[in-house]
Protein chains: 2
Amino acid sequence: MTPLYPPFTIGVDLGGTNTVLAIVDSVGHIVAIDSFPTATPDIGTWADILAHKIKDMIRTSDLDGHIKGIGIGAPCANAVTGSIEAATDLPWPSPIPLANMVQARLQLPTVVTNDANAAAIGEMTYGAAAGMKNFIVLTLGTGVGAGVVCDGHLLSGTRGFAGELGHVTFPFAADRPCGCGRSGCLQTVASAKGILTTARHLLSVSSEPSSLRGIPEEKLTAKDICEAAHAGDSLAKEIYEYTGHCLGKAAAEFAALTDPEAIIIFGGVANAGDLLLPPMRDAFSKNALHLYRDRVRFLKSGLEGANAAVLGAASLPMMKR
Amino acid sequence: MTPLYPPFTIGVDLGGTNTVLAIVDSVGHIVAIDSFPTATPDIGTWADILAHKIKDMIRTSDLDGHIKGIGIGAPCANAVTGSIEAATDLPWPSPIPLANMVQARLQLPTVVTNDANAAAIGEMTYGAAAGMKNFIVLTLGTGVGAGVVCDGHLLSGTRGFAGELGHVTFPFAADRPCGCGRSGCLQTVASAKGILTTARHLLSVSSEPSSLRGIPEEKLTAKDICEAAHAGDSLAKEIYEYTGHCLGKAAAEFAALTDPEAIIIFGGVANAGDLLLPPMRDAFSKNALHLYRDRVRFLKSGLEGANAAVLGAASLPMMKR
């Protein structure tokens, strides 16, 4: 049996579909894990189910009195207020005073933050950024988010909105409208949806044969494209190459903000790391200021894929204040 | 007589032409100030002169034993190493272990940082950012630099190169080559030299009458343009309006990094604050993500013009670690 290292924390990944909860030790071993569907009539019911499951899990693991705290990663969660603000992917109205609701039910210190910040602390605590004090985690999924750690500190900002790097605009995306009402945001290219936009464009302007042409347009997913690329489909490879190239150009600008030693990609789209990282490195090195060129490592998340989000959440109570 | 508030610090502004030194109290009153020409045969001689002048000044002010430390602002100075690295505007070869050299001569804790970071700490300690924890100071002078404070902490980065916002690239400058070897850097537009580039362009493409046409091209300075604008010259006003517009667009991207409550302009070019700030605010509000729109204040430096740099330096020993 794997030896476990106290203290223990509880991570909660509040996703649009499922809520995953886990007890994790101080080096990232999952002691126990459970989940339930997020869709409940109201947030109070959700919090009751969560509290019940956490209590059960602590009891079953014989860790009563050994839990340092609870960390919750949730869309649009704000670490400054402890609330979920204006989340569009959740079944309940915002704002939701999430930290208070969970803390009141379990009498354990509870911190919340958005998915990207949880990912950053997770990478620093158990993952690819272990031992680093300056790095950026880009979360590539439905949208693009970022957790920025500079001088050992996760940037929060006046109202907790630091690190919205998915909404920095770039010329390479100038003709892509974003859900935020503007155009050119990085997430219009580097999210799963952005990859589909690139795919549709390349499929229409090129006549190159591709296995992707056999999939109805409305059913095509970023995962299909990733699989096709891995199987050698050259048009699919080109889609990821373009995405990586854009990410590298973006990283060249981001480097000037915090002089990071690494940029880490995380999330669904980042699972195609071997397709994205080489063009990212290449575009970075061609575009970055000499001070940063050859000084930044590009890495894939070091958290185990399926449990990355809940591990990120579990790392939050371990964060130094 | 103005009452003075201990502790006292010494600020040193190491400029290309002059070195300015001052004793400053904890709220930014200058107790004594002196200067000498920077050009000395070697850095050792410079440090000897500085040490001699500082000792004199402390003795004359009767503050022996009351000095908390020395802060030095210098081009290309790195707070992480305490050295000047690859400065092109100084008469001596780099690197220069400046903090150690001064500390050894005066037995007082000595910190160095670049001009932009000194400006940021100065604004936080005695100036426009008093009481703020999240702001960006853009130093607009020969080049463009930035000092970024997030969550009360001045961003430093892996090797002290955080906040090089003058070298973030933008489409509005895509056709402007930068001294760094790339094109599109913010400083190709928002520095004194950038303003001259804009002036030359507008003077050549427009036939509008302007008092600037009476100044030989090689003698024209940003200050001339500022004076002409204040005197009502509409082409000169257009030059600053364009510059402010570009700064506002840049600020819209920078806001996504640290969620600042204010962006402060500092330095020679920023003295034209009343010409730059309205178009900055306007372009920011048209370009920023909704989260930041109407949430960021645009301010002019709160440090007294001529002494702003030495006050910034004097604030360094006051910085919380």
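Analyst: Quick ground rule before you ask: a residue is buried under 20% relative accessible area, exposed over 50%, and partly exposed in between (1.4 Å probe, protein chains only). This is a predicted model, where local features need pLDDT of at least 70, side-chain atom pairs count only at pLDDT 80 or more, and totals for chains, interfaces and linings use all residues. Residues are numbered from 1 along each chain as its sequence is written, chains are lettered from A and ligands numbered from 1 in the order written, and side-chain values use heavy atoms, leaving out hydrogens and water.

User: What makes B:Gln107 exposed or buried?

Analyst: B:Gln107 has a relative accessible area of 64%. The cut-off for exposed is over 50%, so B:Gln107 counts as exposed. You'll find B:Gln107 in the loop between H2 and strand S7 (110–113) of chain B; helices (H or I, at least four residues) and strands (E, at least two) are DSSP runs, numbered from the N terminus.

User: And what is odd about the backbone of B:Gln107?

Analyst: Its phi is positive, about 55°, although B:Gln107 is not a glycine. Most residues other than glycine have a negative phi. B:Asp294 does it too, with a positive phi of about 65°. B:Asp294 sits in the loop between helix H8 (273–287) and strand S12 (297–300) of chain B, and counts as exposed because its relative accessibility is 68%.

User: Which peptide bonds are called cis, and what is omega there?

Analyst: One joins B:Pro6 and B:Pro7, with omega about 0°; another joins B:Ser94 and B:Pro95, with omega about -5°. Most peptide bonds are trans. B:Pro7 lies in the segment before strand S1 (8–14) of chain B, while B:Pro95 is in the loop between strand S6 (83–84) and helix H2 (98–106).

User: Why is A:Asn117 called buried or exposed?

Analyst: A:Asn117 has 4% relative accessible area, so it is buried. A:Asn117 belongs to helix H3 (residues 115–126) of chain A. Leaving aside residues up to four places away in sequence, A:Asn117 touches A:Ala146, A:Gly147 and A:Leu154; contact means heavy atoms within 4.5 Å.

User: Where does B:Gly179 fall, buried or exposed?

Analyst: At 84% relative accessible area, B:Gly179 is exposed. B:Gly179 is in the loop between strand S10 (153–154) and helix H4 (187–190) of chain B. Its C-alpha is 9.7 Å from that of B:Gly143, 36 residues apart along the chain.

User: How do you know whether chain A agrees with a compact globule?

Analyst: Chain A has 321 residues, which calls for a radius of gyration near 20 Å, and chain A has 20 Å, so the two agree. The radius is taken over C-alpha atoms, and the globule rule is 2.2 Å times the number of residues to the power 0.38. For chain A, 56% of the residues count as buried, and there are 9 helices and 12 strands.

User: What shows that chains A and B touch, and how much area do they bury?

Analyst: 36 residues of chain B are in contact with 36 residues of chain A. The two chains bury about 3,100 Å² between them, 53% of it on carbon and sulfur atoms. On the chain B side, B:Arg159, B:Leu257 and B:Asp259 lose the most area to chain A, together 20% of what that side buries. Buried area is the accessible area (1.4 Å probe) that two parts lose on being put together, summed over both.
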